[in-house]
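This report describes the fold of a short protein chain and then turns to selected residues. Please keep the sequence and the model in view while reading.

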Amino acid sequence: ASIPMVYIPLESVMSKYYGESEKLLSEMFKASEALGGCIVFLDEVDSLATTRGGDMHEVCTPNLPMT
């Protein structure tokens, strides 16, 4: 059995308008879900994260609220 792979370059979902990136990414995931199961590859996803400070180690993570 083969599993389809969906490649999503980050520049295709990034937008300067508030909420538009989230909307585009949601549409991409809905389209991927319609395939009935697939691997989603988000290229350059690390560019979404904030830069790590000099005092932060790679195993350190910021405290994020759990909702």
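The account below moves from the overall architecture to individual positions.

**Overall architecture**

The model is predicted. The protein chain contains 1 helix and 2 strands, and these elements follow the pattern β-α-β along the sequence. Strand 1 covers residues 5–9 and strand 2 covers residues 39–43; the two pair in the parallel sense over 5 bridges. Within this pairing, M5 stands opposite I39 in strand 2. Helix 1 spans residues 20–33. Together, strand 1, helix 1 and strand 2 make a right-handed β-α-β unit.

Some totals for the whole chain complete this picture. Of the 67 residues in the protein chain, 10% are buried. The accessible surface comes to about 6,000 Å², and carbon and sulfur atoms account for 59% of that surface. Among contacts in the chain with a separation of 6 or more, 64% join residues that are 24 or more positions apart.

**The strands and their aromatic pair**

I8 lies in strand 1. Is this residue buried or exposed? I8 has a relative accessible area of 1% and is therefore buried, as the value is under 20%. Setting aside residues up to four places away in sequence, I8 touches V13, M28, V40, F41, L42 and D43. For one of these partners, F41, the C-alpha atoms of the two residues are 6.0 Å apart, although I8 and F41 are 33 residues apart in sequence.

The structure holds 1 aromatic pair. The ring centres of Y7 and F41 are 5.9 Å apart and the ring planes meet at 20°, so the pair is stacked. Because Y7 lies in strand 1 and F41 in strand 2, the pair ties together parts that are 34 residues apart in sequence. Both members fall between the limits for buried and exposed: Y7 is partly exposed, with a relative accessible area of 48%, and F41 is partly exposed as well, with a value of 37%.

**Three serines**

Two serines discussed here belong to the helix. S21 is found in helix 1, and S32 is found in helix 1 as well. S21 has a relative accessible area of 15%, so S21 counts as buried. Leaving aside neighbours within four places in sequence, S21 is in contact with V13, M14 and S15. S32 is also buried, because its relative accessibility is 5%. With residues up to four places away in sequence not counted, S32 touches V6, C38 and V40.

A further serine, S12, is found in the loop between strand 1 and helix 1. Its relative accessibility is 34%, so S12 counts as partly exposed. A polar atom of the S12 side chain lies 2.6 Å from the backbone oxygen of P9. S12 touches L24 and M28, residues up to four places away in sequence being excluded. S12 and M28 are 16 residues apart along the chain, and their C-alpha atoms are separated by 9.8 Å.

**Beyond strand 2**

V45 is found in the segment after strand 2. At 40% relative accessibility, V45 counts as partly exposed. The C-alpha atoms of V45 and L10 are 6.6 Å apart, while the two residues are 35 residues apart in sequence.

**Separations in sequence and in space**

The table collects the C-alpha distances given above.

| Residue pair | Separation in sequence | C-alpha distance |
|---|---|---|
| I8 and F41 | 33 residues | 6.0 Å |
| S12 and M28 | 16 residues | 9.8 Å |
| V45 and L10 | 35 residues | 6.6 Å |

In summary, the predicted model presents two strands paired in the parallel sense and a right-handed β-α-β unit. Strand 1 carries the buried residue I8, and the stacked pair of Y7 and F41 joins strand 1 to strand 2. The buried residues also include S21 and S32, whereas S12 and V45 are partly exposed.

Definitions and conventions:
Residues are numbered from 1 along each chain as its sequence is written. This is a predicted model: local features need pLDDT of at least 70, side-chain atom pairs count only at pLDDT 80 or more; totals for chains, interfaces and linings use all residues. Side-chain values use heavy atoms; hydrogens and water are left out. Helices (H or I, at least four residues) and strands (E, at least two) are DSSP runs, numbered from the N terminus. Buried means under 20% relative accessible area, exposed over 50%, partly exposed in between (1.4 Å probe, protein chains only). Contact means heavy atoms within 4.5 Å. Accessible areas come from the Shrake-Rupley method with a 1.4 Å probe; for residues, only the protein chains shown count as cover. Two strands pair if DSSP finds at least two bridges between them. A crossover is right-handed if, with the strands pointing away from the viewer, the path from the first strand over the helix to the second runs clockwise. A polar contact is a pair of N or O atoms within 3.5 Å; within protein, one must be able to donate a hydrogen and the other to accept it, and residues adjacent in sequence count only if both atoms are side-chain atoms. Rings of Phe, Tyr and Trp (its six-membered ring) pair if their centres lie within 6.5 Å; planes under 30 degrees apart count as stacked, over 60 as edge-to-face and the rest as tilted.
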